Amino acid sequence: MGWIALAAALALAAAGCSSSSSSSSTSTPASSGSSSSAATGSTTVPNLSIDSFTVNIASTMSQLKGLAQAGTKGATSLQVGVVLPDTTSSTRWVDFDAPYFKQAFLAAGYTSSEFRIDNAQGSDATQLSDATADINLGAKILIVCPLDGPTGVAIAKLAEQKGVTLIAYDRAIFEGTKTYYVSFNGEAVGELIGTGFNACLTAWHIKNPEVYVLNGGEDTDPNAIAFATGYNKVVFNQAAKSVAAGAKGTADGATLVAENFAPGWDNTKGGTIFQQAFTANPKINATIEANDGLANAVITDLKGAGVKPNTIPTTGQDATAQGMAWILEGYQCGSVYKPVYKEVQDAVSVATILLAGQTVPPALLNGTATDSADTSITEPASLLSATWVTKSNIESTVVADKFDTASAICALAGASVCAANGIK
């Protein structure tokens, strides 16, 4: 496997994985000539954009009912298959993606027999089997978050052979002539982490920052490369997945001590990797982590070493309840919040429009993802924006959206900490 970073056009970026003798889509759909709005049941394509999606899923998805009816043509068999990766890399796949997909499909007018949602449970063979089963059951669209590059490529090749349109969900797949990409802007997510880290160095008064970077699972998840490219660009002025030790930071005289990655996003392995690095380099006084799970592992090590709050910064993404608690307690600077309800609605919207044989509006299909290993290979992409969450906006973002409940956060951080920060 050779992992690659994904460069995105139109000032957008995401992440990709390499593929063998790739024949990915090189044509971006033309601008839609559809009207700006669509009443419920209309076969006109709604004028959707990446900013159309709110927590009120039914409000937006109901605009797709006519298109769903036109696309399914009254069929009682499977039309769209969704295959999610696992239950361990993030709780989001079970707690949010799966139920949001069901809600979005039903609100868009699909019957329960016209869509199917599976989870590969961390098995490459299961993911390929699930995708194969969906195609054999009649699916014309597959929405797949690949476990890894080879599995994504295998599914894409199968889909192409069967004439099935593939939507790579959350992680890019550069294979096939009818492949689309729906995700958050991966490199921009990394930039949020980097900007938040730089701000934290100043806010926490870290003198002569000696930085350690714990990257995500770059061996299995192509997005991890985009995240690293983003924060390395901001923090070390190097838009690359890896930066050499000794690199100078862009804020407060920071210096990179070392970096590594957690294989397969394994938090336990990540914690061990950091603990070994911290033992070997006790001068480390600032850290960057690619997600909240890794931040939690690092914080556990730091607390075990007697490190006090607001002393050694950590970063993250996924806006987990534990991440929010660490932010409130002063062990984590912030976390990137990626509203899953937006990503799900985006994928269902693109799938429904394509199923109906229509053109996706350019404000929704707003980017072109490019394989950096072969820049002649591109595919149309819909890339969403994320938010950096700190103490100041936990209540107005993740709590307001019910992504994390105040009770879950406060059970971890403590009632007095929550009260002091206005979390209720």
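A cavity is a set of grid points where a 1.4 Å probe fits but cannot get out. Keep that in mind, for this model has one. The model is a predicted one. A search of the whole structure finds one cavity of 30 Å³ or more. About 170 Å³ of space lies in the largest cavity. Rolling a probe the size of a water molecule over the atoms shows where such empty space is left.

Look at the walls of this cavity. Its lining is made up of 14 residues. R171, D221, W265, D318 and K338 are the ones nearest the centre. By class, the lining divides into six charged, five polar and three nonpolar residues. Two helices, α3 and α7 (223–236), each supply at least two residues of this lining.

Now turn to the pockets. The largest pocket has a volume of about 330 Å³. It is lined by 21 residues. Nearest its centre lie S90, T91, R92, D318 and T320. D318 has appeared before: it is also among the residues nearest the centre of the largest cavity. The elements that give two or more residues to the lining of the largest pocket are α3, α9 (292–304) and α10 (321–329). Helix α3 thus links two stops on this tour, as it also gives at least two residues to the lining of the largest cavity. The lining of the largest pocket has ten polar, six charged and five nonpolar residues.

The second largest pocket has a volume of about 150 Å³. Its lining has 13 residues, and C200, W204, Q332, C333 and T390 are the closest to its centre. Helix α6 (residues 186–203) gives the largest share of this lining, four residues. Here the classes are seven nonpolar, five polar and one charged.

Next come the strands. Start with β3, residues 80–84. Strand β3 runs parallel to β4 (residues 115–119), and five bridges join the two. V80 stands opposite F115 in β4. Between these strands in the unit comes helix α3 (residues 92–107), and β3, α3 and β4 make a right-handed β-α-β unit. This is the α3 that helps line the largest pocket.

Strand β3 has another partner. It pairs with β5 in the parallel sense, over four bridges. G81 has L142 in β5 as its bridge partner. Strand β5 in turn runs parallel to β6 (residues 165–169), and four bridges join them. There, I143 has I167 in β6 as its bridge partner. The chain passes from β5 through helix α5 (residues 149–161) to β6, and this β-α-β crossover is right-handed.

What covers the two faces of β5, and are its residues buried or exposed? In a regular strand the side chains alternate between the two faces of the sheet. On one side of β5 (residues 141–144) are I141 and I143, and on the other are L142 and V144. All of them are buried, and both faces of the strand are covered.

I143 also belongs to the largest nonpolar core, which has 103 residues. M61, F101, F105, I143, Y169 and I394 touch the most other members of this core. Helix α11 (residues 340–355) gives the core its largest share, ten residues. Another core lies apart from it, with 20 residues, including I135, I155, L158 and V164.

The loops hold the last stops. Q121 sits in the loop between β4 and α4 (124–136). Its phi is near 55°, a positive value in a residue other than glycine. Is Q121 buried or exposed? Its relative accessible area is 55%, so Q121 counts as exposed. N310 lies in the loop between α9 and α10. N310 also has a positive phi, of about 55°, although it is not a glycine. At 40% relative accessibility, N310 is partly exposed.

One more loop joins distant parts of the sequence. D51 is found between β2 (13–17) and α1 (57–61). Its relative accessible area is 66%, so D51 is exposed. D51 and L384 are 333 residues apart in sequence. In space, their C-alpha atoms are 8.1 Å apart.

Methods:
Residues numbered from 1 in each chain as written. Predicted model: local features only at pLDDT ≥ 70, side-chain atom pairs only at ≥ 80, totals over all residues. Heavy atoms only, no water. Pairing = 2+ DSSP bridges. Right-handed = clockwise from strand over helix to strand, strands pointing away. Core = buried A, V, L, I, M, F, W, Y, C linked by side-chain atoms within 4.5 Å. Buried < 20%, exposed > 50% of the residue type's maximum accessible area, 1.4 Å probe, protein only. 1 Å grid on protein atoms, 1.4 Å probe; cavity = no way out; pocket = protein on both sides within 12 Å on 5 of 7 lines; lining within 4 Å. Points joined across faces, edges and corners; volume = space filled by probe spheres on them. Nonpolar A, V, L, I, M, F, W, Y, C, P; charged D, E, K, R; others polar.
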